[in-house]
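This briefing introduces the nonpolar cores and the internal cavities of one protein. Please look over the sequence and the structure before reading on.

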Amino acid sequence: MASTTTYGDYLRPMPGGFRNIGKPLTILGAGCMVLSLVIMYVNPLAGLAFTAVWILIIGILAHRNARHRSRVDLAAEKHAYRQGVRKGYNLYRSGLLGWSQGGSLRLPGVLSHVRLMEAHDGYGTPFVLVFHEHTGDYSLLLACKPAGASLVDSEVEDSYVAGWAQTMEALASKQSVTQMAVTVDTCPDSGLRFKKILSKHVVQDAPDLAARAMSQVMNLYASGGSRSDVILTLTFHYMSRNKPVDVRQAARRIALLLPQIRSLVADAGGGTVRLMDMRQVSLFVRRCYDPAIQDDLEASEGEDGEPTVDFSDCGPASAEASWDWYRHDSGVSRTWEMCDVPNNNVTSSTLASLLRPVEDCDMKRVTLLFHMMPKGASNVFAERNRVTATGVKKQLRNPTMKSDRQVAAADQQGVETVQGAVIVFFGLLVTGTIYAGEREAERLDAMSAAIEQAAQGALVDLRPCYGAQDVAFAACLPLGLNLRQYKPKSVLTVLTEA
């Protein structure tokens with residue numbers, strides 16, 4: 001039985017100021033008002049004209065559409081994209097005929113300075129750390145095998161949600177954890193692995209009837225299925241004397257946290273947690289940039305050993321970022337971002353329609369991003385939100401339901417932070433990929449309609465990442481890319497936080 005416990009009262013960051021338009025615009029309006037009074041003292045007509053002009057300008061700057069985007073934001077997106085196209089930032093070529101040195105297939109754009117480094121835990125088990133050279137961050141990748149909640153009681157399902165909240169609270173106490181991401185990757189299963197596993201159990205002298213029955217089972221159940229990979233990515237930032245620590249010190253500190261992290265994820269319903277190695281990470285990234293290679297990788301398994309790809313060669317040979325799509329090798333992708341949180345209360349299974357495989361989509365990847373504030377900072381931030389929400393409501397002559405809801409949510413937020421909860425900023429990215437080829441424009445539109453319909457069922461408002469499809473595609477990969485502080489040189493990065 002599915003749990004009926006509901007969750008909600010999400011609160012968007014409030015800019016504050018007059019009518020919640022933000023402090024910069026409020027200060028600008030106050031300065032213009034003083035200047036208007038001075039002009040009116042000299043020339044009343046000119047003062048009235050100046051007043052009308054600055055009120056109109058501030059009104060245009062403060063107005064936001066249904067997806068919380070202002071005219072300035074939209075104009076900045078278009079300007080940044082056009083400037084990137086003019087400078088050629090939207091094109092990428094690698095390999096022997098490309099721009100990269102040595103003919104390697106390096107990752108493009110914001111991932112060009114990402115490297116994999118091998119480390120060992122306390123038992124000597126090797127695991128991989130993703131090192132981001134621009135920021136000095138280290139990302140740990142954990143492959144999870146969640147059992148799901150379809151056959152569990154509602155009490156167990158509620159305990160999974162409580163365990164997930166405890167996981168975020170525990171990680172918020174670690175000052176080094178800057179981001180947590182959960183990636184759910186789904187794609188059709190070719191059935192090759194299923195056939196290979198069953199064929200190993202077929203003996204040579206099996207009766208003809210049993211052999212034919214096994215062959216029919218393999219042909220019947222090998223196709224039409226799907227595979228899902230769940231990867232938890234934790235990003236750490238360690239500093240020593242104002243410099244990022246080296247990989248040995250980072251690996252030593254992260255290894256000490258592994259037992260606690262595994263226990264927390266298991267309590268949250270994550271199942272068995274496995275540390276990913278360099279081969280698994282490289283193959284995953286290679287498959288995302290070249291989805292047509294998936295069947296070849298599965299076909300080569302077990303023949304000449306496990307297939308492997310070096311991380312320096314797992315990028316695309318060719319890539320092109322357009323306004324609302326991203327072409328990379330054998331795939332064409334579109335990435336969406338969450339614009340607004342659900343207005344209604346949700347249950348623990350609300351995102352199920354978006355996480356499961358959808359039709360007309362060859363590969364889909366959903367990434368949830370979390371930024372946890374420490375407990376001390378959460379208390380201060382919650383009190384600031386409560387004061388801001390109360391002040392905005394008092395400025396209204398007739399308070400609206402929205403203002404009442406903001407005040408109630410801010411009060412509830414303050415109560416929970418006093419009780420030990422932490423404030424979590426979260427966002428969501430969705431990447432859908434189709435195979436490039438005939439009628440790809442029609443298939444891309446069909447995929448977009450299917451994903452947006454699934455998002456509506458999950459009560460999530462999605463918006464394509466216009467002008468930043470390549471950056472959004474990279475951020476949706478489970479590599480721990482923290483776009484809040486990642487600012488590489490000579491790379492077009494347009495980030496819109498949900």
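Which residues does L140 touch, not counting residues up to four places away in sequence? They are F127, V128, L129, L232, T233, L234, F236, I254, L258 and L275, where contact means heavy atoms within 4.5 Å. The model is predicted, so local features need pLDDT of at least 70 and side-chain atom pairs count only at pLDDT 80 or more, whereas totals for chains, interfaces and linings use all residues. Residues are numbered from 1 along each chain as its sequence is written, and side-chain values use heavy atoms, leaving out hydrogens and water.

**Nonpolar cores**
- The largest nonpolar core (buried Ala, Val, Leu, Ile, Met, Phe, Trp, Tyr and Cys residues joined through side-chain atoms within 4.5 Å; buried means under 20% relative accessible area with a 1.4 Å probe, protein chains only) has 54 residues, and L140 and F236 have the most contacts inside it.
- Helix α7 (residues 247-267) contributes the most to this core, 7 residues; helices are DSSP runs of H or I, at least four residues, and strands are runs of E, at least two, numbered from the N terminus.
- Another core, of 40 residues, lies apart from it and includes V110, V128, F311 and C314.

**Cavities**
- There are 2 cavities of 30 Å³ or more; a cavity is a set of points on a 1 Å grid over the protein atoms alone where a 1.4 Å probe fits but cannot get out, and lining residues have an atom within 4 Å of a point.
- The second largest cavity has a volume of about 40 Å³, a volume being the space filled by probe spheres set on the points, which are joined across faces, edges and corners.
- Strands β5 (177-188) and β13 (363-372) are the elements that give two or more residues to its lining, and β5 provides the largest share, 3 residues.

Notes: On a 1 Å grid over the protein atoms alone, a cavity is a set of points where a 1.4 Å probe fits but cannot get out, and a pocket is an open set with protein on both sides within 12 Å along at least five of seven lines; lining residues have an atom within 4 Å of a point. Buried means under 20% relative accessible area, exposed over 50%, partly exposed in between (1.4 Å probe, protein chains only).
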